[in-house]
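Me: I'm new to reading protein models. Could you go through this one with me, one question at a time?

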Amino acid sequence: MTDIPTGVVTRGEPVEMLLNMGPQHPSTHGVFRMVLWVDGEKVTDVEPHIGYLHRGSEKLCEGEQFHQVITLFDRMDYLANFNNELVYCAAVEKLMGLTVPERAEYVRVILCELNRIASHLLFVATMGLDAGAMTPSMICFRGRERVQSLFEAVSGARMMHNYFRIGGLKEDLPDNFEEMVGELMPLLQADIEEADKLLTFNEIFLARLKGVAAISVEDALDFGLTGPCLRACGVDYDLRKADPYSVYDRFEFNVPTGLDGDCWDRHFVRVQEMYESMKIVEQALVQMPKGNVTSSLGRRLPRPPKGEVYVRAENPRGEIGVYLVCDGTDKPYRLKVRPPSFCNLSAIKHLLKDTWIADTVVVLGSLDIVLGEVDR
Amino acid sequence: MINSIKGLLLTLVSTMNGLRSPVTRQYPEKGTLWKREEAPTPVQDRFMGFPALTWDGEVDEPFCTSCMVCIRHCPTQCMTSTMKDNPLQQEGKSTRRKIVDSFEINLNRCILCGICVEVCNFDAIVMSHEHEMSTFQRNGDRVNLPVLLEIGTKFQRETGWIPPTKRAKPEPEAAPAVAGDGDTEGSESSS
Amino acid sequence: MSLPIPLLSVSLITFFWIVAGLLAMFTALSVVVLSLTWLERKLLGRLQRRLGPTRTGPMGLMQPVADALKLILKEDIVPTSSEKAIFWIAPVLVVVPAFMIWVTIPGTENLVLKNLGDLGLFYIIAFSVVGILGLVLAGWGSANKYGTLGGLRAAAQLISYEIPVIMVVIAVAMLAQSLNMVEIVEKQGSYPYVLVFPLGLVIFFIAGLAEVGRTPFDIYFAESEIVGGPFVEYSGAHWSVFFLAEYINTFAVAALTVLLFLGGWSGPFLTGNWEIIWFLAKVYAVILVIFWIRGTFPRLRIDQLMAFAWKVMVPLSFYAIIITAVYLFYGWPPWTLTLMSLAGLLVVGYAIYRRFAGPASQAAQVRARYQALQSRSGQ
């Protein structure tokens, strides 16, 4: 890292300019802050600053009962609420040895995959905006809005659902759920295809993204990248295949991978993942059995035995892990989350080396961070 | 070049679609300036708006007995309440010994999670469909019992609400499983 | 009251007419700008299947007025560390040339404030460069690093793209054998120059987009990177002045495209000053294309933008001059120029295609690999 130039610069000595990007910058996806050392338009060094959205979620979890913690998990990665709820519920269920009703598992998978689509749609939208295209964002938000109104019909809320319960679900799906999904899927497919056609292979978009901030497989593994960021490097690693949880082993789907690990591949992998998620939703709808979805706990509060557990799952952003320590009371003793956004963000310094100022927003966008999860 | 031209054609088609059928719905009304049709976008049936208290029309009193279960289970501690002896019970009209005296919800703190509804044993609280409650006062979102009951009765009237305990159960609940010896709501609420 | 009228040896009545003409031009351009903002928001809305503004008047027609009122009533913040004089004078430097151009742009043969004769095109080109100074000063004077970056980007971008514009204008002047706007349009009476000189139109249009900073060349005020560039510290009326200048310049580029290549006001059915309807219709059509492009494309990066200017546009504009000169010198029939233009376009199109063949082939590899994966899991 170079020193911060201080004082009055005279005699035309070339110095690097210190450019502060964020936390109020429109393209830092929330309240992320980067201090850029720029040489003209070239970025020579970058120092990320996080913590502007720190709410102490992990500590708050220690003060909440197990069924209340779900609401906190909704608010960590606020673009993939169902996925977060799933991994927390799975952790407590594993510790308690609960079995989830089969229908509930299928409902969880359907909702999680729809949420993955919604999250990736938002990624494509912001990717377009970062690159300067405004229409894809509108197309993607349209699709996301459709998914969210489905979520509203199912759980009563568009984003902070609080729908999964430890050992099951809050209530069964609405009666016309399958018709709603049947209506949704073609529209969603059309929206994704429209944004895909408009953006992915556009020459200017390719010029902006292809070859920018490429990362090798070794580096990616060293930085602990997971999810689409890792798969963009060509690593065929998806927890839904590698370590199937819930009922993911019963579906046919592919794991799209990239070639170079650059920004364009990260975009492409996510677009392809949306199609795969749609396949999973369609299969799950067919396979979904009838039956009970509520927890076998009934109306009793969950109180896991003493012990600790680590559960991981594939979030839209990568591998999320929950490490839960219980001391036998009705509140977690300690809860630690391995947030995918945070680990992916750790590579930003490596990625932004020798890029342009205009690339910083694109690279940051391609990592698809959610500051609610980074800062927790 | 080719894909750029394809993109231009795509947006052209999109423009034609937009001229014909835009997806935006006007809020809260649709129609033109001259001809406005009242049609606010309806919320879904399960929509969770702000919590409200329900009114027992049979005995003409609130369902709520101020048992404090919802207050204890609220993740954000946004509610307070006090109870009193039920005058109607002394007259023999009601089976509730205690009744809610005051109830206050700070809607600024409420996170609309619906846990209070889930834990309530008396069908006394619902997530209403109310979602426009901005006020000009700093404490304007602290709603008290009459307002809560007003919202609740409005919700009951509009949706034909049936108390969950009186709804026909499709099938008996599964037997309680082994794990979890936590306290149940019943024991908590019998104070 | 000793007005400098005797000095300029113009009578009071002439002076009155000059002032009235300028005021009329100012009003007309303001109305045009209002219409453009409304049109842009409405068209982009429909392009994205939204509605655009609806709440202010029928179809949101009063939206520009509401915007203008809001901007004028807003507090005008001057940053403490800014260079006050530069900060104040920069918007003037941007907006005055934008208006000055319009003194000599003709609506029809007679509907022009002051036909500068053979000075016309020269005057327009000369004044269009002055605005760059205002942008650089705005960026520098606001004592903001984003502003400085934006100002420097503006300087680099606008000066680079000035060259192709000038070259193409020279080529057109050679074709018309005149720098007089009215004569150029009259020369296009039988056929507009776009038919004989499509290369010129393409160069002029693209470079013109870059000159006024429309997408995909909105580098110097890129919202998602340098949050408004030179305008980042401006608010209220000062910002609205920049806004005004931007839209007037957009309109000017569209008008010049129409005058130089699309036959100006010439069209069937209309005669006399009514021909301005043809002129306006063509200009608004070009403006719609500009908005359409804005709704479709992402933004280039500054190095790609400069590379495009110096590696593609400048050589192409030289080629345009050379083929025009050859065509005029040998007196070949007009279709030969068309052919040569198209040949140039094709060569450049192929070069750009080859430039993107690299990324595109990589993309194709990814796609092929993905399809192989799909077929493997399908078995």
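Me: How many residues do chain A and chain C each bring to their contact?
Reply: Happy to help! This is a predicted model, where local features need pLDDT of at least 70, side-chain atom pairs count only at pLDDT 80 or more, and totals for chains, interfaces and linings use all residues. Residues are numbered from 1 along each chain as its sequence is written, while chains are lettered from A and ligands numbered from 1 in the order in which they are written. Two residues are in contact if their C-beta atoms, placed from the backbone, lie within 7 Å, and by that rule the contact takes 38 residues from chain A and 34 residues from chain C.

Me: Which helix of chain A gives the most to the side that touches chain C?
Reply: Helices here are DSSP runs (H or I, at least four residues), strands are runs of E (at least two), and both are numbered from the N terminus. Several elements of chain A each supply at least two residues, including strand 1 (17-21), helix 4 (102-131) and helix 11 (263-287). With six residues, the one that gives the most is helix 7 of chain A.

Me: Is helix 4 of chain A largely enclosed or open?
Reply: A residue is buried if 20 or more other C-beta atoms lie within 10 Å of its own, exposed if 12 or fewer, and partly exposed in between, with C-beta atoms placed from the backbone. In helix 4 of chain A, 28 of the 30 residues are buried, so the rest of the structure leaves this helix largely enclosed.

Me: Which residue just after helix 4 of chain A has a positive phi?
Reply: Look just past the end of helix 4 of chain A. There, a positive phi of about 105° belongs to G132(A).

Me: Which helix of chain A has the largest share of the side that touches chain B?
Reply: This contact takes 33 residues from chain A and 30 residues from chain B. Helix 2 (66-74), helix 5 and helix 6 (177-199) of chain A each supply at least two residues of the chain A side. The largest share, five residues, comes from helix 5 of chain A.

Me: What is the strand order in the open sheet of chain B?
Reply: Two strands pair if DSSP finds at least two bridges between them. Strand 6 and strand 7 of chain B pair in the antiparallel sense over seven bridges. The edge strands, each pairing on one side only, are strand 6 (79-85) and strand 9 (142-143) of chain B. For this open sheet of three strands in chain B, the order is 6-7-9.

Me: Which residue stands opposite M83(B)?
Reply: The partner of M83(B) lies in strand 7 of chain B. Opposite M83(B) stands V100(B).
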